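Please read the following note alongside the sequence and the 3D view. The points are meant for someone coming to this structure without earlier acquaintance.

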Amino acid sequence: MSGQQQLQQRYAASLMNTFGPPKLVLTGGQGSVVTDADGKEYLDLLGGIAVNALGHAHPALVKAVSDQLATLGHISNFFTSLPQVELAERLLGLLGHGEGKVFFSNSGTEANEAALKLTRRTGRTHVVAMEKGFHGRTMGALAITHKEAYRTPFEPLPGEITFVPYGDTDALAAAVTEQTAAVVLEPLQGEAGVNPAPEGYLADARRITSEAGALLWFDEIQTGMGRTGEWFAHTASGVVPDLVTLAKGLGGGIPIGATIALGAAGDLLEPGNHGTTFGGNPVATAAALAVLDVIEADDLLAHVRSVGALLRDGLAADPRVTEVRGSGLLIGLDLVEAKSAEVTAAALAAGFIINNPTPERIRLAPPLVLTREQAQSFLDAWPRLLDEAGLDHGPDDTGSQP
Ligand SMILES: *Cc1c(COP(=O)(O)O)cnc(C)c1O
């Protein structure tokens, strides 16, 4: 039995079976490459699900975390620290929507949980969320997550949620009333397989919520922090939301979430309303500051746009890909046949980590530092991966593929 198989057995005997069997036992990572227990290397085109913004073992992140841990690691929220305050200020500055307030936590679902509690402080309880939207697995975040399979085993969930089709302005206008506390949406749906909002939808959502006196809440947990080639996926729309939630890429792999409330919404949570032991600790906030510093210093937003365009164009060139969606380095594509699991398995065998959020969809969310050469190596392998997954070349297929 190989070392990997042995550890898989120990995993099965000692860890809850919430994720199914792990695909690999990983032992190391550098940049956009990870190594498994047999010494085989993989190009990591998933980045820990849009988390490892700076790739693996980035020296700036390693230094920031090590230095901070050696100086002051954890202090509780009876106290504050410079990195915590600096990070809050930097995030508000990057959002560029004026004054606001930040609450730090440790994950995406916690960032959304805090935001959901904040919406209750408006005195209203009804929330409108999106079909195919994903917001996390704790009870509150799950209540605004659409997928039946995730929800049903845990009902009853916190109530008064209405789901509307994503991108349908009329349906949204019909669902939002004077009783609505908030509308929550991803400016680009990630777990759904990368669905962008139609042109004008975010502005429509702003108008509809403003008219009803409801909060507009953008979940940018997957799309924020440069993932789309802008700091935030809603940046280009010019729309100013009331709430923004962040996590995933924010800490570059160190757990941190942020709930950002803009304008008057920043004062809705009062002393005693919410809390966390770990949230916003010096190490996690120092990590996030290092991520921001590197994105700025290395001009990674422009890099993400250019490598993302290279990948999208290259992937779309194969006729077995029917559509390529997304922005920057959050890329979703549709295959002619529902064989995304087969393609993902063929990719893994060939040394590429990719993801299949639905049977016909592939998702890529690589480190923002993915090089053009690395992206090209995947494009070079791509037609062969589709062959190996058994995708037909279509009606013109002569069967004479080598
Ligand atoms: C991943 C994700 C979450 C949940 O984040 P966790 O850190 O896994 O709790 C919430 N919203 C969106 C849009 C996500 O992609």
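The numbered points below take up one loop residue and then the aromatic side chains.

1. Please keep in mind throughout that this is a predicted model, and that the values quoted here are computed from it.

2. The serine S81 is found in the loop that runs between α3 (59-71) and α4 (82-95). Is S81 buried or exposed? Its relative accessibility is 8%, and because buried means under 20% relative accessible area, S81 counts as buried. Leaving aside residues up to four places away in sequence, S81 touches I75 and P282.

3. How many aromatic pairs are there? The count comes to 5 aromatic pairs, and one of them is formed by Y166 and Y201, whose rings meet edge-to-face, with 5.9 Å from centre to centre and 70° between the planes. Since Y166 belongs to the loop between β6 (161-164) and α8 (169-175), while Y201 belongs to helix α9 (residues 201-212), the pair ties together parts that are 35 residues apart in sequence.

4. Both members of that pair can also be described by their accessibility: Y166 is buried, with a relative accessible area of 16%, and Y201 likewise counts as buried, at 1% relative accessibility.

5. Elsewhere among the aromatic side chains, F352, F378 and W382 form one aromatic cluster, which a reader may wish to locate in the 3D view.

6. Finally, a charged residue deserves a mention: R137 lies over the face of the ring of Y150, at 3.7 Å from the ring centre.

Terms used:
Residues are numbered from 1 along each chain as its sequence is written. This is a predicted model: local features need pLDDT of at least 70, side-chain atom pairs count only at pLDDT 80 or more; totals for chains, interfaces and linings use all residues. Side-chain values use heavy atoms; hydrogens and water are left out. Helices (H or I, at least four residues) and strands (E, at least two) are DSSP runs, numbered from the N terminus. Buried means under 20% relative accessible area, exposed over 50%, partly exposed in between (1.4 Å probe, protein chains only). Contact means heavy atoms within 4.5 Å. Rings of Phe, Tyr and Trp (its six-membered ring) pair if their centres lie within 6.5 Å; planes under 30 degrees apart count as stacked, over 60 as edge-to-face and the rest as tilted. A charge sits over a ring if NZ of Lys or CZ of Arg is within 6 Å of the ring centre and within 35 degrees of the ring normal.
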